[in-house]
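Work through the following exercises with the coordinates open. Each task is followed by a solution in steps.

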Amino acid sequence: MAESQTSTETDWVSRFADDVIAESERRAPGKPVVVASGLSPSGPIHLGNLREVMTPHLVADEVRRRGYTVRHLISWDDYDRYRKVPNGVPGVDASWAEHIGKPLTSVPAPAGSAYPNWAEHFKAAMTAALDELGVEYDGISQTEQYTAGTYREQILHAMKHRADIDAVLDRYRTKKDPAAQGKGGGGKKPQQKKVDEAELEAAEGSGAAAEDDGSGNSAGYFPYKPYCGNCEKDLTVVTSYDDDTTELNYTCSACGFAETVRLKEFNRGKLVWKVDWPMRWAYEGVIFEPSGVDHSSPGSSFVVGGQIVREVFDGVQPIGPMYAFVGISGMAKMSSSKGGVPTPADALKIMEAPLLRWLYARRKPNQSFKIAFDQEIQRLYDEWDSLGRKVADGTVLPADAAAHSRAVRTAAGELPSTPHPLPYRTLASVADITAGAEDQTLRILSELDPDNPLTSLDEARPRLDRAENWITTQVPAEARTIVRDEPDKELLGSLDDQGRESLRLLLEGLDSHWSLDGLTTLVYGVPKVLAGLEPDAKPTPELKAAQRSFFALLYRLLVSRDTGPRLPTLLLAVGADRVRRLLGA
């Protein structure tokens with residue numbers, strides 16, 4: 001096998017890859033290594049759910065780099081029931097409530113959608129995002145699997161062994177509901193069980209959300225639930241089942257319909273979640289699958305599933321970590337209420353795919369982190385660019401090098417990148433000031449570095465497009481930069497001698513300092529010269545105060561505010577002639 005591109009001592013991905021390869025060779029030597037994810041297209045599939053995919057993807061990709069054949073299965077849980085109408089989804093109103101209880105593939109898509117049903121509508125955006133992120137996977141529609149009778153033998157087996165399944169589940173029925181354990185249940189302190197509402201919402205992106213075990217039936221325990229032959233809903237109750245004939249009787253509490261079917265021929269129903277998941281582990285031979293924080297409690301589907309897969313389906317539970325919550329930093333024009341959290345597609349509109357991959361690669365799965373939609377994205381890009389420079393000059397730490405490598409390439413090759421990656425904060429400032437005017441944007445960007453000038457905006461893409469999208473979608477209108485059309489004569493007329501001299505020194509040095517670095521030196525140097533110091537003198541507290549005062553004056557004269565984009569970028573964007581006019585030259 002090929003050597004790993006990273007040492008097993010360097011990062012979490014390599015360590016899991018070691019474990020997965022060893023486990024796979026123990027369980028199924030010579031066969032493809034199987035890792036899995038599960039996503040429910042019950043609504044927008046958001047950035048918290050993306051960790052369900054990225055964790056096994058990164059591990060699978062490392063295993064591929066070592067020369068192994070890997071299958072990354074993504075089960076689209078599109079045969080799950082439609083549980084509620086999410087808020088904030090365009091083209092959806094309260095009338096969609098009439099479909100609650102139907103399979104997601106039987107629910108109409110939002111109004112105006114190009115897709116045939118609810119599930120396909122929400123799968124499409126995620127599929128496009130995964131393609132952009134370089135995620136290689138085999139998608140499995142659970143609607144197709146169940147309605148084609150693929151799991152028929154597994155369903156009949158589960159029904160035959162329903163007493164065994166019930167016995168496993170019964171071990172946990174005396175335990176308190178995990179959501180209520182904050183008051184001492186399970187021996188945990190209240191603060192240990194305090195879960196962010198958004199974390200609970202994140203759980204809804206996987207089939208695990210319902211945590212259904214099929215209990216509560218007065219006729220006995222049945223791990224299978226049919227969808228009604230009349231109204232299509234799962235509000236059905238199995239009233240009897242015959243193991244020999246597989247004859248099953250059910251009634252629908254929604255519409256009153258009753259039916260007798262033979263389960264060995266019947267394909268309109270599914271195993272309840274806590275049985276469905278372990279059944280698939282055994283059927284697919286899954287070696288590695290992570291689970292979210294919602295699976296860590298006693299009685300949760302992952303814990304129970306580990307026993308059901310072993311005791312009922314003669315299989316083995318996958319290895320894999322519990323992954324922590326992914327938060328969002330700033331969401332202008334977005335609501336944090338259910339249905340409004342950002343998706344991978346939203347993130348990819350404002351950041352390049354390698355950066356988004358890096359956020360998931362650099363943190364261990366059990367470490368929570370936030371994805372920036374606010375000003376923090378500029379600092380994040382600065383950190384990313386700094387990492388790239390360290391990789392290039394060989395000063396990077398091994399674990400950081402591994403995370404960078406996993407972000408910019410997969411086993412299949414390099415991801416697309418920006419040929420001339422200018423600082424994101426600079427691009428955002430220019431996009432802000434020019435309102436996206438391409439001729440102005442090219443003029444400014446070509447003047448940033450005279451020794452290595454940009455000759456086409458395509459050289460700055462796709463990063464430029466992402467920065468423009470961030471400005472237009474995430475920065476409130478009141479925070480946008482509007483350059484003055486006319487000089488502020490009142491302010492200019494009120495300046496004292498020092499104020500007028502500071503402007504004179506700035507204007508005098510414009511031509512000789514007309515680049516990003518040059519203007520940086522100039523605007524920081526003017527207060528030093530006024531104080532009788534050399535332009536490269538080290539700043540003192542007094543000098544820093546003078547610089548802040550000078551910067552505020554320039555902002556007021558240029559954009560009528562005390563703050564704004566970085567002054568060197570702002571000056572370049574405004575242009576030398578207009579700067580002279582606005583500063584009273």
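## Exercise 1: Nonpolar cores

The largest nonpolar core has 105 residues, and the members that touch the most others are Leu50, Leu356, Tyr360 and Ile371. A second core of 30 residues is separate and includes Tyr151, Ile165, Val261 and Leu263. The model is a predicted one.

Task: List the residues that isoleucine 371 touches, leaving out those up to four places away in sequence.

Solution.
1. Leave out the residues up to four places away from isoleucine 371.
2. The residues touched are then Leu47, Val326, Gly327, Ile328, Ser329, Met351, Leu356, Leu359 and Tyr360.
3. Compare with the core: Leu356 and Tyr360 are also named among the core members that touch the most others.

## Exercise 2: The chain as a whole

Task: Describe the protein chain by its secondary structure, its burial, its contacts and its accessible surface.

Solution.
1. The secondary structure amounts to 22 helices and 14 strands.
2. The chain has 585 residues, and 51% of these count as buried.
3. Take contacts between residues at least 6 apart in sequence: 72% of them join residues at least 24 apart.
4. The accessible surface is about 25800 Å², with 49% belonging to carbon and sulfur atoms.

## Exercise 3: Isoleucine 45 and lysine 123

Task: Locate isoleucine 45 and lysine 123, and state how far apart their C-alpha atoms are.

Solution.
1. Isoleucine 45 sits in the loop between strand E1 (33–39) and helix H2 (47–65).
2. Its relative accessibility is 5%, so isoleucine 45 counts as buried.
3. Lysine 123 belongs to helix H3.
4. Lysine 123 also counts as buried, because its relative accessibility is 9% and the cut-off is under 20%.
5. Along the chain the two residues are 78 apart, while their C-alpha atoms are separated by 8.0 Å.
6. Beyond four places in sequence, isoleucine 45 touches Leu39, Ser40, Trp76, Phe122, Met126, Thr343 and Pro344.
7. With the same exclusion, lysine 123 touches Pro41, Trp76, Asp78 and Ser141. Trp76 appears in both lists.
8. The side chain of lysine 123 makes a polar contact of 3.5 Å with the side chain of aspartate 78.

## Exercise 4: Aspartate 11

Task: Is aspartate 11 buried or exposed, and which side chain does its own side chain contact?

Solution.
1. Aspartate 11 is in the segment before helix H1 (12–27).
2. Its relative accessible area is 8%, so aspartate 11 is buried.
3. Its side chain makes a polar contact with that of serine 14, at 2.9 Å.

## Exercise 5: Helix H16 and the bond before it

Task: Compare the span of helix H16 with the expected value, and identify the helices against which its buried residues pack.

Solution.
1. Upstream, the loop between H15 and H16 holds proline 462.
2. The peptide bond from arginine 461 to proline 462 is cis, with omega near 10°.
3. H16 covers residues 463–474, which is twelve residues.
4. From first C-alpha to last, H16 reaches 16 Å, close to the 16 Å expected at 1.5 Å a residue.
5. Its buried residues are Arg463, Leu464, Arg466, Ala467, Glu468, Trp470, Ile471 and Gln474.
6. These pack against helix H3 (118–132), helix H10 (344–350), helix H12 (376–393), helix H14 (424–434) and helix H15 (438–446).

## Exercise 6: Two positive phi values

Task: Describe the burial of glutamate 232 and threonine 246, and give the phi of each.

Solution.
1. Glutamate 232 lies in the loop between strand E4 (224–226) and strand E5 (236–241); its phi is near 75°.
2. Its relative accessible area is 35%, so glutamate 232 is partly exposed.
3. Threonine 246 is in the loop between E5 and strand E6 (247–252), and its phi is about 60°.
4. Threonine 246 is buried, because its relative accessible area is 6%.
5. Neither phi belongs to a glycine.

## Exercise 7: Aromatic pairs

Task: How many aromatic pairs does the whole structure hold, and what is the geometry of the pair of phenylalanine 550 and phenylalanine 551?

Solution.
1. The search finds 19 aromatic pairs.
2. Phenylalanine 550 and phenylalanine 551 form a tilted pair, 6.3 Å centre to centre with 45° between the planes.
3. Phenylalanine 550 counts as buried at 5% relative accessibility, and phenylalanine 551 counts as buried at 15%.
4. Elsewhere, ring pairs link Tyr79, Tyr146, Tyr151, Tyr227 and Tyr283 into a cluster.

Key:
Residues numbered from 1 in each chain as written. Predicted model: local features only at pLDDT ≥ 70, side-chain atom pairs only at ≥ 80, totals over all residues. Heavy atoms only, no water. Helix = DSSP H or I, 4+ residues; strand = E, 2+ residues; numbered from the N terminus. Buried < 20%, exposed > 50% of the residue type's maximum accessible area, 1.4 Å probe, protein only. Polar contact = N/O pair within 3.5 Å; in protein donor to acceptor, adjacent residues only side chain to side chain. Contact = heavy atoms within 4.5 Å. Areas by Shrake-Rupley, 256 points an atom, 1.4 Å probe, with all protein chains shown as cover. Expected span 1.5 Å × (residues − 1). Core = buried A, V, L, I, M, F, W, Y, C linked by side-chain atoms within 4.5 Å. Phe/Tyr/Trp six-rings, centres within 6.5 Å; stacked < 30°, edge-to-face > 60°.
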